[in-house]
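Please look through the model below before reading on. The briefing that follows takes up a few topics in turn, going from charged pairs to one helix and then to the surface.

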Amino acid sequence: MGLQFNALHLSYVVHVLGVAGAVMVLVWNISFRGGLAWESSTNKNLIFNVHPVLMLIGLVILGGEAIISYKALPFKKAEKKLIHLILHAIALVLGIIGIYMAFKNHNESGIANLYSLHSWLGIGIIVLYGIQWIYGFLVFFYPGGTADLRKESLPWHVLFGIFLYTLVVANSALGFLEKLTFLESSGIEKYGSEAFLVNFTAIVAILYGTFVLLTALSPGPEEDNHSYSAI
């Protein structure tokens, strides 16, 4: 039985928080951190700035929108499944690029890679996200598994997807904490506007993830109550 909330109404909160989170992470990295760059010979931090932007907008926000697509969109089930698939694919690609930019920044700046819990979890998450997407594509989309395979796979696919998304949101908060700790040790004010912006962005990300899960676990439209046959 789903939670006694209306999924469609909860999805409005998800959309608002998603827009707020995207704006906040962009303001932080453009206005406070100097901007975004694929290449930079003078300020390698501009390369790293791409990482939090893509990870939050990709895995957290678009990944969350993909999860609630079955409950929040007024389309037929087949159309929702395609949107679910595409949004997760975009999230995965942005996540891969975001991780690449972190490695690129570290390599060009002479900083060690994979020394923190955040980075360990990040690699594990992106690998599992890719496996989840590929399995979902093959079983639920094309070429598609047998009816028995789909029936047996669906509960595990949904459960693992929720577990994986919870890790995504938790690791994003860990990343904000790690970056802010580095910045404060480098001299930014602990109670300054940038520190508050980073902390509030992390809080918005956590709230966003919470409402994504509440939406996914709540009853959708009457015709859609049993259609979370996720890709």
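## Salt bridges, a bent helix and a surface patch

R33 and E194 form a salt bridge in which the closest N and O atoms are 2.6 Å apart. Because R33 lies in the loop between α1 (7–32) and α2 while E194 lies in helix α6 (residues 193–216), this pair ties together parts that are 161 residues apart in sequence. The model is a predicted one, and the structure holds four salt bridges.

**Salt bridges around E108**

- E108 forms a salt bridge with K44, and the closest N and O atoms of this pair are 2.9 Å apart.
- Since E108 belongs to helix α3 (residues 77–109) and K44 to the loop between α1 and α2, the pair ties together parts that are 64 residues apart in sequence.
- E108 also forms a salt bridge with K104, again with the closest N and O atoms 2.9 Å apart, and here both residues lie in helix α3, four residues apart, which is about one turn of the helix.
- An α-helix has 3.6 residues a turn, so residues that are three or four places apart point the same way.
- E39, K44, K104 and E108 are linked in a network of salt bridges.

**Buried or partly exposed charges**

- E194, the partner of R33, has a relative accessibility of 8% and therefore counts as buried, the cut-off for buried being under 20%.
- K104 likewise counts as buried, because its relative accessibility is 8%.
- E108, by contrast, counts as partly exposed at 34% relative accessibility, and K44 is partly exposed as well, with a relative accessible area of 24%.

**Helix α2**

- Helix α2 (residues 45–72) has 28 residues and reaches 38 Å from its first C-alpha to its last, which is close to the 40 Å expected at 1.5 Å a residue.
- Along its course, α2 bends by about 35° at A66.
- Of the 28 residues of α2, 26 are buried, so this helix is largely enclosed by the rest of the structure.

**A nonpolar surface patch**

- A nonpolar patch of about 700 Å² on the surface is made by L114, L117, W120, L121, I123, V127, L128 and I131.
- L117, one of the residues that make this patch, is found in helix α4 (residues 117–141).
- Is L117 buried or exposed? With a relative accessibility of 51%, L117 counts as exposed, because the cut-off for exposed is over 50%.

Definitions and conventions
Residues are numbered from 1 along each chain as its sequence is written. This is a predicted model: local features need pLDDT of at least 70, side-chain atom pairs count only at pLDDT 80 or more; totals for chains, interfaces and linings use all residues. Side-chain values use heavy atoms; hydrogens and water are left out. Patches are made of residues with over 30% relative accessible area and no salt bridge: like charges are joined within 9 Å, nonpolar side chains (Val, Leu, Ile, Met, Phe, Trp, Tyr) within 5 Å. Accessible areas come from the Shrake-Rupley method with a 1.4 Å probe; for residues, only the protein chains shown count as cover. A salt bridge is a side-chain nitrogen of Lys or Arg within 4 Å of a carboxyl oxygen of Asp or Glu. Helices (H or I, at least four residues) and strands (E, at least two) are DSSP runs, numbered from the N terminus. Buried means under 20% relative accessible area, exposed over 50%, partly exposed in between (1.4 Å probe, protein chains only). The expected span of a helix is 1.5 Å times one less than its number of residues. The bend at a residue is the angle between axes fitted to the seven residues ending there and the seven starting there.
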